[in-house]
Amino acid sequence: MEPRVSIVTLGVEDVAKSKGFYERLGFEASPARDEAVVFFRTAGTVIALYSRASLAEDAGVDGAGAGFRGIALAYNVRNKEEVAALLTEAEAAGGRIVKSAQDAFWGGRSGYFADPDGHLWEVARNPHFPLNQREEIELL
């Protein structure tokens, strides 16, 4: 298996509502969509929004449960000030701040927000993971 991630699919309760949330954050929906699924291109991967119930059915698993899912998506920024600014932007778009921006033990600054379905996003400035010109992490 090649080490890459092509698409991250988020199971959501209301595809249209979640689409609006991500569009308010600046994500642009692909024309390759319909009412059942929405795709957003990001630097190097795609995020898809799909009905939580349909995603569970497709995978053949029980779709019940809304607690911690054991995963967080991450959005790295170029400087510490951007962490709080992006958390505020996510809250204004309809998200919920889970952890305010604060200095981290590993030398950077981070905070978390949850999207309308509770999917966690970490916003971080990590001095060990600088961003290149394409906004991709350069592993040191």
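Buried means under 20% relative accessible area, exposed means over 50%, and partly exposed is what lies in between. Keep those cut-offs at hand for this tour. The model on your screen is a predicted one.

**Stop 1: Glu135 and Arg78**

Select Glu135. It sits in the segment after β7. Is Glu135 buried, partly exposed or exposed? Its relative accessibility is 45%, so Glu135 counts as partly exposed. Now check its backbone. Glu135 has a positive phi of about 65°, although it is not a glycine.

Add Arg78 to the selection. The two side chains form a salt bridge, with 2.8 Å from N to O. Arg78 lies in the loop between β4 and α3, and Glu135 in the segment after β7, so the pair ties together parts that are 57 residues apart in sequence. Arg78 has a relative accessibility of 39%, so it is partly exposed.

**Stop 2: more salt bridges**

How many salt bridges does the structure hold? It holds five. You have just seen one of them, between Arg78 and Glu135.

Select Asp103 and Lys80 next. Their side chains meet in a salt bridge of 3.7 Å, N to O. This pair links distant parts of the chain: Asp103 is in strand β5 (residues 96-103), Lys80 is in the loop between β4 and α3, and they are 23 residues apart. Colour the two by accessibility. Asp103 reaches 53%, so it is exposed. Lys80 is at 36%, so it is partly exposed.

Move to Glu136 and Arg134. Here the salt bridge spans 2.6 Å, N to O. Glu136 is partly exposed because its relative accessibility is 24%. Arg134 stands at 59%, so it counts as exposed.

Which residues are joined into one network by salt bridges that share partners? Select Lys80, Asp103 and Arg109 to show them.

**Stop 3: the largest pocket**

Turn on the pocket display. The largest pocket has a volume of about 890 Å³. Its lining has 26 residues, and the closest to its centre are Ala43, Thr45, Ala74, Tyr75 and Asn76. Select those five and centre your view on them.

Now colour by element. β4 (72-76), α3 (81-92) and β7 (120-125) each give at least two residues to this lining. Which element supplies the largest share? That is β4, with five residues.

Switch to colouring by residue class. The lining of the largest pocket divides into 17 nonpolar, four polar and five charged residues.

**Stop 4: the second largest pocket**

Move on to the second largest pocket, with a volume of about 330 Å³. Of its 18 lining residues, Gly11, Arg52, Leu55, Arg69 and His119 are the closest to its centre. Select them as a group. The elements that give two or more residues to this lining are β1 (7-12), α2 (52-59) and β4. So β4 is on the list for both pockets. By class, the lining of the second largest pocket has 11 nonpolar, four polar and three charged residues.

**Stop 5: a nonpolar patch**

Show the surface. Then select Phe129, Ile137 and Leu139. Together they make a nonpolar surface patch of about 280 Å². Click on Ile137. It is found in the segment after β7. Its relative accessibility is 38%, so Ile137 counts as partly exposed.

**Stop 6: two distances**

Go back to the cartoon view. Select Lys19, in helix α1 (residues 15-24). Is Lys19 buried or exposed? Its relative accessibility is 18%, so Lys19 counts as buried. Draw a line from its C-alpha atom to that of Ala53. The two are 34 residues apart along the chain, and 17 Å separates their C-alpha atoms.

Now find Tyr50 in strand β3 (residues 46-51). Its relative accessible area is 26%, so Tyr50 is partly exposed. Draw a second line, from Tyr50 to Ser18. They are 32 residues apart in sequence, and 9.5 Å apart in space, C-alpha to C-alpha.

How values were computed
Residues are numbered from 1 along each chain as its sequence is written. This is a predicted model: local features need pLDDT of at least 70, side-chain atom pairs count only at pLDDT 80 or more; totals for chains, interfaces and linings use all residues. Side-chain values use heavy atoms; hydrogens and water are left out. On a 1 Å grid over the protein atoms alone, a cavity is a set of points where a 1.4 Å probe fits but cannot get out, and a pocket is an open set with protein on both sides within 12 Å along at least five of seven lines; lining residues have an atom within 4 Å of a point. Grid points are joined across faces, edges and corners, and a volume is the space filled by probe spheres set on the points. Helices (H or I, at least four residues) and strands (E, at least two) are DSSP runs, numbered from the N terminus. Ala, Val, Leu, Ile, Met, Phe, Trp, Tyr, Cys and Pro count as nonpolar, Asp, Glu, Lys and Arg as charged, and the others, Gly among them, as polar. Patches are made of residues with over 30% relative accessible area and no salt bridge: like charges are joined within 9 Å, nonpolar side chains (Val, Leu, Ile, Met, Phe, Trp, Tyr) within 5 Å. Accessible areas come from the Shrake-Rupley method with a 1.4 Å probe; for residues, only the protein chains shown count as cover. A salt bridge is a side-chain nitrogen of Lys or Arg within 4 Å of a carboxyl oxygen of Asp or Glu. Buried means under 20% relative accessible area, exposed over 50%, partly exposed in between (1.4 Å probe, protein chains only).
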